[in-house]
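Me: I'd like to learn how to read a few features off a model like this one. Can you walk me through them?

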Amino acid sequence: ENSSANMPITKRRCSLAAVSLVIALSSTLSKTATGFAYAPNFITKIIEQSTGIAPVGLLDVTGGSGSLAVTDADADITTSSESSPSFVGPITTRFPPEPNGYLHLGHAKAVSFNFAVARAFSAGKGRCHMRLDDTNPTKEDEEYVKSILEDVRWIQRGCPPFDVDDAVDDVELSEEDRGPWYGPVRKTSDYFSLIYDAAIHLIERGEAFVDELTAEEMREYRGTLTEVGKESPWRNRNIEENLELFRGMRNGDYPEGKYVLRAKIDMSSPNLNMRDPVIYRIKHESHQATGDEWCIYPMYDFSHPIADAAEGVTHSLCTLEFEDHRPLYDWVAERVFDAGLVDRLPRQIEFSRLNLKYTVLSKRKLIKLVEDKHVTGWDDPRMPTLSGIRRRGVPPAAIRLFCERMGISKSDSNIDFSIMEDCTREVMDDASPRAFAILEPLKVTITNWEDGKLEDFAVPRHPKRAELGDRTVPFGKTVYIERGDFFDLEGPEGIANSGRLPKGFKRFLPDGKVRLKYAYVISCNEIIRDPETNEPVELLCTYYPETRAGNTPEGEARVKGIIQWVEASSGTRCKVMQYDRLFKTEEPGKESGDFLDDINEESLTILHNVILEPSVGADAVTIIDKLSNNPGSEVEKIYHSSLAYQFERSGYFALDSSSNVDDLVFNRVVTLRDTWDAGSATQPKKDENIHINHDKEGKQTQQKQKNKNTGGNAPVLEDARRVALRAGTILEAGPHPEANSLILCKLDCGDVNEAGEPEEPRTVVAGLAGKIPFDELVNRKVVCITNLKPARMRGIESTAMLLAASDGQEGDDEVVQLLDVPDSVPNGELLSFENMKPCEPDAILKSKGALKVWDRVKAQLRVNDEGEATYQNDGTVRKIMTSAGPVRVTSLKNCTIG
């Protein structure tokens, strides 16, 4: 690292309600956005230690006891800060994409973190710049510039702006320059003259030379990781000749490829990047910003540190692939600083990039998907591009939450896409109004209802947000219900199920009753069938007036089944695009060798005859009209997908940009709960019984009931299979307020309610105080037990237990390590034991006899000599397994688990 980082020098149409709804939702997302926070990480600790400025707004994992020390693992990157001179701010980060493509989820991590770090250091006047690294005119285009700026504005929507307190920066910005970043949009091309001067300076110092080796010869001379390179025969040109040739390159005297300018460093360096790298090349092409002013362009490794220094970037945060480039970054920065061309030295710090399962982020592969028409374009809602994700309807706050949940580290990991989906559900559950939508309609005629009569019901838009108001849902003689909410015991599906009712089915049956949510109880009197398929096409029913709005008459049994519905004459027809994951394997192409072989052919299902309650249609038309007349400024641009709903019991859906007032299209953003099974791209998880209904066209709908332990003559389960060992993520960690030996954690165990919606995290009280630093706990994927009886520990109820290994020492000498689960494993996954049947845990181990089950199992848990968690019983050793491999500990071996 550079020993003088950051050193300055002294010389330096429709109802107003629909529009109000979108405004209210935007406000919610803004509040949600500021409710998330990164945990302290090695980068925030480095910045704090090197500047003396403490971050604010991070997750509180210190318990108020002060700042956390940088760990030994970070020592290599913090050494320089210890000898740095006193810091002078402002603390400045930047997001510098090259305008040669569309941003995707990988870029989202960099955007989110760079902006978040700047905000965390508000005490140091933290700010984040937006810079376009436009040094390669061959691949760059104004279309990409506009797309990148739009994406960054969108992903940061709802976040607080940076304060502008410098008179020189407090100027009126053009519409194009306005955004969540600090100041105007910056471009590397703004500094072309300065970068050129820096190259001249290096030549004059004898530290750069004009070379005329061909690209092939240059690769040959460069050497390998095991062989040193050879010096170019042109390396020792005299300074005057180098200056003359370089100025000729600048003047356009030579063709492309004739000459390059190389830094003169060390051809024997073990770091290939330091073996006389090329820093300038000739390109006779017009630049999208500077036109034909230049015909030579700097290489990224040369322009990057100079642009950082020129605009006052103090901390250049980038991904790990640039770690080996850091020595060159420092080499360039130090020389332009010493020459007085810049007045401070920026510091480069690397973090791991985002890798996602079930998708590809390679630009080459994304281009292949588009060009071969596997998708409809760069904004196809199945694409990982930010434009595609935005069109699908994922809120920007969900992306930021995802990035924050993943945290920041220097270790590469392959993240399961389900975590992104969980974050989307969490944000949309709070923000999205509810609505009735019938995806596969079945006609219901109320025979005792008056013809032509409509009755309105005032229904809350959101069960927890009164400020969103009510919507009006009309009820009449004809309504539609979901085909899957009626089980036809007398038809084909009943015959296929041997005339038995599916286990757990509580909705509508022939001769049965069901409640239409918010309205009346109805009963089925007659089924009108298709003469060819014998499938039901209409139900003739009776309604019960005394059951209006949830009322159950005295003396009558409550009807358990409740289903959604839409009145026929007022409902709005639309098309629904049901999107799923674009790939059916975790790592596309890993096994087949061609990622295209792993495309999920059923990643899109189109439903053409969906019926929406009228309020949704009215809201949609209002937004479409507003977009036609006034789409908003670049900063506050309105998108079709801003209008999003939870279609009750179906999932979260958003208005598609292809919609018009006569043809509405909604995209499924995400299902209500995770139903993905890695073994099958289109089937629910394996622990579910499936009953399949066939409609007239042969489409399949699935009804699922969770397996439960059977009684009667079922065999007695082994103890280990009765304990619910699950994967979970620690979201927060801190000290117990009443006990110094205890800690308090918030743990996401993947719990969902009966509607499949995520529940609140569990509270865990653990005796780990002083054993594991809090910053090592947050965002950690661990093993937890979720079916022990809740226990109150010093006034706080603990609803789960963390599993950890111990070396058996006493007191402060004891070493404790949590059982680690691969990051790709989804929260809530039920773990298993190697070569043992799947676990069937008790609902809760609450009886005295059941409590002993855990004691017996715990006594047989050990870490083996490979650092793997095992269950040892009757002389058989079985590893504790996840879907991504065995459970392990960091370094302990041959020790107990408890």
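**Rings, helices and a loop**

Reply: Let's start with two residues: tryptophan 449 and phenylalanine 475 are both buried (under 20% relative accessible area with a 1.4 Å probe and protein chains only; over 50% is exposed, and in between is partly exposed). This is a predicted model, in which local features need pLDDT of at least 70 and side-chain atom pairs count only at pLDDT 80 or more, while totals for chains, interfaces and linings use all residues. Residues are numbered from 1 along each chain as its sequence is written, and side-chain values use heavy atoms, leaving out hydrogens and water.

Me: How many aromatic pairs does a search of the whole structure find?

Reply: Rings of Phe, Tyr and Trp (its six-membered ring) pair if their centres lie within 6.5 Å; planes under 30 degrees apart are stacked, over 60 edge-to-face, the rest tilted. Searching the whole structure gives 30 such pairs. For tryptophan 449 and phenylalanine 475, the ring centres are 5.0 Å apart and the planes at 80 degrees, so this pair is edge-to-face. Tryptophan 449 sits in the loop between β14 (441-446) and β15 (455-460), and phenylalanine 475 lies in strand β16 (residues 470-475), so the pair links parts of the chain 26 residues apart (strands are DSSP E runs of at least two residues, helices H or I runs of at least four, numbered from the N terminus).

Me: Which residues form one aromatic cluster with Trp449?

Reply: Phe436, Phe457, Phe475, Tyr518, Tyr520, Tyr543 and Trp565 join Trp449 there.

Me: And how do I read the way the axes of helix α6 and helix α8 cross?

Reply: Axes are lines fitted to C-alpha atoms, for helices over the stretch in contact, with angles from 0 to 180 degrees between N-to-C directions. Those of α6 (residues 192-204) and α8 (residues 239-251) come within 9 Å and cross at roughly 160 degrees. The two are therefore roughly antiparallel (over 145 degrees; under 35 is roughly parallel, 65 to 115 roughly perpendicular, the rest oblique). On the α6 side, the contact (heavy atoms within 4.5 Å) is made by Tyr196, Ala199, Ile200, Ile203 and Glu204. From α8 come Ile239, Asn242, Leu243, Phe246, Arg247 and Arg250.

Me: Is threonine 890 buried or exposed?

Reply: Threonine 890 counts as exposed because its relative accessibility is 57%. You'll find threonine 890 in the loop between β43 (885-886) and β44 (895-897). Not counting residues up to four places away in sequence, threonine 890 touches Arg780, Gln817 and Asp820. Its C-alpha atom is 9.9 Å from that of valine 816, 74 residues away along the chain.
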